[in-house]
Amino acid sequence: MSKFAKAKDFKKSKAGLYMSLASTLFGAVGIAKQMKQARFDEDRLRQLDAAVSAAAMATGVALLLRELRRKNDDDILAG
């Protein structure tokens with residue numbers, strides 16, 4: 001199996017999904033800082049950008065959680 005195939009399989013594994021979830025949630029720190037700075041500067045366009053980024057992040061987290069639930073449903077030993 002090539003390294004590329006192994007890396008592709010890791011992304012679809014439970015560990016890969018947890019890693020993706022953690023990195024997505026880590027992005028929330030940057031979005032919070034962006035929103036705080038935009039409020040301080042009273043910059044409406046930056047506030048809108050932060051809000052849209054937060055919505056995209058929330059959608060990404062929801063998709064990852066759905067994929068984790070599907071992995072748990074497929075796991076015979078899990079339940």
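L45 is out in the open: its relative accessible area is 65%, which makes it exposed. Keep in mind that this is a predicted model. Two things are worth a look here: a nonpolar patch that includes L45, and a small set of charged side chains joined through R46.

**The nonpolar patch**
- L45 sits in helix α3, which covers residues 44–74.
- On the surface, L45 teams up with L48 and V52 to make a nonpolar patch.
- Taken together, L45, L48 and V52 offer about 330 Å² of accessible area.
- L45 counts as exposed because its 65% relative accessible area is over the 50% cut-off.

**The salt bridges**
- Search the whole structure and you'll find 2 salt bridges.
- R46 pairs with D41 in a salt bridge, with N and O 3.3 Å apart.
- R46 also pairs with D43, where the closest N and O atoms are 3.6 Å apart.
- Since these salt bridges share partners, D41, D43 and R46 end up in one network.

**How open the charged residues are**
- R46 is partly exposed, at 39% relative accessible area.
- D41 is partly exposed too, with a relative accessibility of 38%.
- D43 comes in at 25% relative accessible area, so this residue is also partly exposed.
- What would it take to be called buried? A residue would need to be under 20% relative accessible area, and D43 has 25%.

Note on methods. Residues are numbered from 1 along each chain as its sequence is written. This is a predicted model: local features need pLDDT of at least 70, side-chain atom pairs count only at pLDDT 80 or more; totals for chains, interfaces and linings use all residues. Side-chain values use heavy atoms; hydrogens and water are left out. A salt bridge is a side-chain nitrogen of Lys or Arg within 4 Å of a carboxyl oxygen of Asp or Glu. Buried means under 20% relative accessible area, exposed over 50%, partly exposed in between (1.4 Å probe, protein chains only). Patches are made of residues with over 30% relative accessible area and no salt bridge: like charges are joined within 9 Å, nonpolar side chains (Val, Leu, Ile, Met, Phe, Trp, Tyr) within 5 Å. Accessible areas come from the Shrake-Rupley method with a 1.4 Å probe; for residues, only the protein chains shown count as cover. Helices (H or I, at least four residues) and strands (E, at least two) are DSSP runs, numbered from the N terminus.
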